[in-house]
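Got a minute to look over a fold? Have the sequence and the 3D view open side by side, and then use the notes below to find your way around.

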Amino acid sequence: MAETAKKLVREYETVYLLKAETPEDQVEEIKERLRGVVGREGGKVIRFTNQGKRRTAFPVAKDQKALYMHCLYLGLPGLVAEFERNLRMIDVVTKFQSVKLADGIDIDSRQVEADVKVAPVEEEKPREDRGFGEREESFDAEAGEGGEE
């Protein structure tokens, strides 16, 4: 009965926002720095996803747009604190959030995937100025007469 002990870890994801004007080479440097942190702490980076520049729901660091990045990784519980500590030290990182996805993952069973760059989102077109009370489509009175009595 000679079983090899499996190394069970947790699966995490971190989404972080970079300033919109961050150059591509600096984005790559940040990814490599974070890979080093995960490796040093005994974890494994599964994938980085560059989701491109997008408009934020509210201004973040006085900016309306940000570069969205996603990192999926495996590691022990202390890894997230070190990962986030490194994110705080990088000036172009404006916001981040980490989430635990799963417990008891065998670190050797998960394969490293290639980094992904998502196609950019189409720019939102501004709405034309409309007067107060004007609608784009006319209201159909017959459609509203369904079940009210």
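What follows is a quick tour of the strands, the helices, the cores and a few single residues.

Keep in mind that this is a predicted model. The largest nonpolar core has 20 residues, and strands S1, S2 and S3 and helices H1 and H2 each put at least two residues into it. Strand S1 (8–19) is a handy place to begin, as S1 pairs with S4 and also with S3.

**Strand pairing**

- S1 and strand S4 (residues 93–106) run antiparallel and are joined by ten bridges.
- One pair to click on there is glutamate 13 with its bridge partner in S4, valine 99.
- S1 also pairs with S3 (63–75), again in the antiparallel sense and over ten bridges.
- For that pairing, try tyrosine 16, whose bridge partner in S3 is methionine 69.

**The cores**

- Which members of the largest core touch the most other members? They are Tyr16, Leu18, Ile30, Leu34, Tyr73 and Phe83.
- Leaving out residues up to four places away in sequence, phenylalanine 83 touches Thr14, Leu34, Val37, Val38, Cys71 and Tyr73.
- Apart from the largest core there's another one, made of six residues, including Val9, Ile46, Leu72 and Ile107.

**Threonine 14, a polar residue inside**

- Threonine 14 sits in strand S1, and its relative accessible area is 0%, so it counts as buried.
- The side chain of threonine 14 makes a polar contact of 2.8 Å with the side chain of serine 98.
- Beyond its neighbours within four places in sequence, threonine 14 is in contact with Met69, His70, Cys71, Tyr73, Phe83, Leu87, Phe96, Gln97 and Ser98.

**Helix H1 and its two sides**

- H1 covers residues 24–40, and a quick sanity check on its length works out: with 17 residues at 1.5 Å a residue it should span 24 Å, and the end C-alpha atoms are 25 Å apart, which agrees.
- The buried residues of H1 are Val27, Ile30, Lys31, Leu34, Val37 and Val38.
- Those buried residues cover an arc of only 120° around the axis, so they lie on the same side of H1.
- What do the buried residues of H1 pack against? Their partners are S1, S2, S3 and H2.
- Over on the other side of H1, Glu29 and Arg40 are exposed.
- After H1 comes glycine 42, with a positive phi near 85°.

**Helix H2 and glutamate 82**

- Glutamate 82 belongs to helix H2 (residues 78–89).
- Is glutamate 82 buried or exposed? Its relative accessibility is 17%, and because the cut-off for buried is under 20%, glutamate 82 counts as buried.
- Setting aside neighbours within four places in sequence, glutamate 82 is in contact with Val37, Arg40 and Glu41.

**The loop between S2 and S3**

- Alanine 61 is in the loop between strand S2 (44–60) and strand S3 (63–75), and lysine 62 is in that loop too.
- Most residues other than glycine have a negative phi.
- Alanine 61 isn't a glycine, yet its phi is positive, at about 55°.
- Lysine 62 isn't a glycine either, and its phi is positive at about 60°.
- Alanine 61 has 56% relative accessibility, so it counts as exposed.
- Lysine 62 has 83% relative accessibility, so it counts as exposed as well.

**Two buried strand residues with partners from afar in sequence**

- Valine 60 is in strand S2, and with a relative accessible area of 10% it is buried.
- Valine 60 and lysine 95 are 35 residues apart in sequence, with their C-alpha atoms 7.7 Å apart in space.
- Not counting its neighbours within four places in sequence, valine 60 is in contact with Leu17, Thr94 and Lys95.
- Glycine 75 lies in strand S3, where its 0% relative accessibility makes it buried.
- Glycine 75 and glycine 39 are 36 residues apart along the chain, and 9.0 Å separates their C-alpha atoms.
- Leaving aside neighbours within four places in sequence, glycine 75 is in contact with Val9, Arg10, Tyr12 and Gly43.

Note on methods
Residues are numbered from 1 along each chain as its sequence is written. This is a predicted model: local features need pLDDT of at least 70, side-chain atom pairs count only at pLDDT 80 or more; totals for chains, interfaces and linings use all residues. Side-chain values use heavy atoms; hydrogens and water are left out. Helices (H or I, at least four residues) and strands (E, at least two) are DSSP runs, numbered from the N terminus. Buried means under 20% relative accessible area, exposed over 50%, partly exposed in between (1.4 Å probe, protein chains only). Contact means heavy atoms within 4.5 Å. A nonpolar core is a set of buried Ala, Val, Leu, Ile, Met, Phe, Trp, Tyr and Cys residues joined through side-chain atoms within 4.5 Å. Two strands pair if DSSP finds at least two bridges between them. A polar contact is a pair of N or O atoms within 3.5 Å; within protein, one must be able to donate a hydrogen and the other to accept it, and residues adjacent in sequence count only if both atoms are side-chain atoms. The expected span of a helix is 1.5 Å times one less than its number of residues. The arc is that of the directions from the helix axis to the C-beta atoms.
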